[in-house]
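This report covers strand pairing, selected residue environments, and enclosed or open space. Please have the sequence and the 3D structure at hand.

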Amino acid sequence: MSRLSLSFACCRYDRMEAIREGAVPIEGIDLNCITLKSGREVFDRMVGGQEFDVAELSASELISLSGRGDCPFVALPVFPSRVFRHGYIFINTRSGIRTPKDLEGRRIGLPLYTQTAAIWVRGHLAHQFDVKLDTIRWVQGAVEKTGAHGRPHAPPLLRPARIEQSTGAEPLGALLARGEIDALIGSRKPDELGRHPDLARLFPNYRALERELYEQHKIFPIMHLIAIRRDVHEAHPFVAQSLYDALCESKDRALAQMKERGALRYMLPWLPADMDEIDELFGGDPWPYGIEANRRTLEALVQYMVEQHFIARRIPIEDLFVAGH
């Protein structure tokens, strides 16, 4: 029987390396792996032009499309990117912001209001710190360069938010340093952090807060998932399970290599101590795939998206995925 050739676009991650290198066979599939530098480029090309058969995709864009009932993709519960986000709220210390409640009524920069990272941060602020999100004015723009952050194709919000587009000659990081915006949230730290005396994190103790979030609520924020074009899935239903099984094996291999203590695989001097903490907190696997192991995280994201007017009602988690348990 001939094998099916498919294209797969994804950023470079240790958990995908065995797939990219061809070390893990995929039943019935020959996968052409296309490695791109930024998730935003993958999303824009996949949602905007459906350029790939399979791709890494923004979790919030997939959920938004699913909420409208016209999603051209099906998803696998495979999560190439997940990041705790308490450490990604930056302030200008001259703005008078000392606590999360001080963010109310301010101008806050972000790459995209619809960015999954921004949804998570707003959800944390609202649920953990009682911040009134509707009092905030949001300024969209790229953090490290001028102009917009990508060419997103997310559906419009069901209720407008107070969003303005930065049109000046400076990126958001520079605007924060000058005090043109009061705070900044996003998916990466601005270049000015550590270089400009007026920039700081809102939560210097962010690691402790992130651990507390997981200990209390079992939430480890998911940013991206794996999407298959719906026409590919409908023509070849076996693809979903074949890919899911292979991606799980690839991740398991990466985790086993990271746990090897004889010689450190990564340039992290305290990796053995970190691995001990990770094993204690996450029960041996900090990066589980599948629905059940991630249910509380996924339900929180869906809830935040309802509250922030991305989707009209909660979507059952099982309705978002076609493989996995």
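## Strand β11 and its partners

A55 has A227 in β11 as its bridge partner. The model is predicted. The pair belongs to a longer contact: β3 (residues 54-58) and β11 run antiparallel and are joined by five bridges. β11 has another partner in β4 (residues 73-76). That pairing is also antiparallel and extends over four bridges. Within it, L76 sits opposite I226.

How many of the six residues of β11 are buried? Six of the six, so the strand, residues 224-229, is largely enclosed by the rest of the structure. In a regular strand, side chains alternate between the two faces of the sheet. In β11, one side carries H224, I226 and I228, while the other carries L225, A227 and R229. Both faces are covered, and every one of these residues is buried. A227, the partner of A55, and I226, which faces L76, therefore lie on opposite sides of β11 and are both buried.

## D53, just before β3

D53 lies in the loop between α2 (39-49) and β3. Is D53 buried or exposed? Its relative accessibility is 15%, so D53 counts as buried, the cut-off being under 20%.

D53 brings together several parts of the chain. Neighbours within four places in sequence set aside, it contacts S5, L6, S7, M46, A227, I228, R229 and V232. Three of those, A227, I228 and R229, are also listed among the buried residues of β11. V232 is 179 residues away from D53 along the chain, yet their C-alpha atoms are separated by 6.8 Å. The side chain of D53 also has a polar atom 2.8 Å from the backbone nitrogen of S7.

## Strand β5 and its partners

β5 spans residues 89-92. I89 and I91 point one way, F90 and N92 the other. All of them are buried.

Which strands pair with β5? One is β9 (residues 183-185), antiparallel to β5 and joined to it by three bridges. Here I91 stands opposite A183. Another is β10 (residues 199-201), again antiparallel with three bridges. Here N92 has L199 as its bridge partner.

## E104, between β5 and β6

E104 is in the loop that links β5 to β6 (107-110). With a relative accessible area of 24%, E104 is partly exposed. Beyond residues up to four places away in sequence, it touches D130, V131, K132, T135 and I136.

Two polar contacts involve the side chain of E104. One joins it to the side chain of K101, at 2.8 Å. In the other, a polar atom of the E104 side chain lies 2.8 Å from the backbone nitrogen of K132. As for L4, it is 100 residues from E104 in sequence, and the two C-alpha atoms are 53 Å apart.

## The largest pocket

About how much space lies in the largest pocket? The volume is about 1100 Å³. Its lining has 29 residues. Nearest the centre are R82, F84, F220, I278 and W287. Elements giving two or more residues to this lining are α6 (206-217), α8 (238-258) and α9 (271-282). α9 gives the most, with seven residues.

What is the chemical make-up of the lining? It divides into 17 nonpolar, one polar and 11 charged residues. Among those nearest the centre, R82 is charged, while F84, F220, I278 and W287 are nonpolar.

## Closed cavities

The model has two cavities of 30 Å³ or more. About 70 Å³ of space lies in the largest. Thirteen residues line it, and C10, C11, M16, R20 and T35 are the closest to its centre. Two or more lining residues come from each of β1 (4-10), α1 (17-20) and β2 (29-35).

The lining of this cavity comprises nine nonpolar residues, one polar and three charged. Of the residues closest to the centre, R20 is one of the charged and T35 is polar.

How values were computed. Residues numbered from 1 in each chain as written. Predicted model: local features only at pLDDT ≥ 70, side-chain atom pairs only at ≥ 80, totals over all residues. Heavy atoms only, no water. 1 Å grid on protein atoms, 1.4 Å probe; cavity = no way out; pocket = protein on both sides within 12 Å on 5 of 7 lines; lining within 4 Å. Points joined across faces, edges and corners; volume = space filled by probe spheres on them. Buried < 20%, exposed > 50% of the residue type's maximum accessible area, 1.4 Å probe, protein only. Pairing = 2+ DSSP bridges. Contact = heavy atoms within 4.5 Å. Polar contact = N/O pair within 3.5 Å; in protein donor to acceptor, adjacent residues only side chain to side chain.
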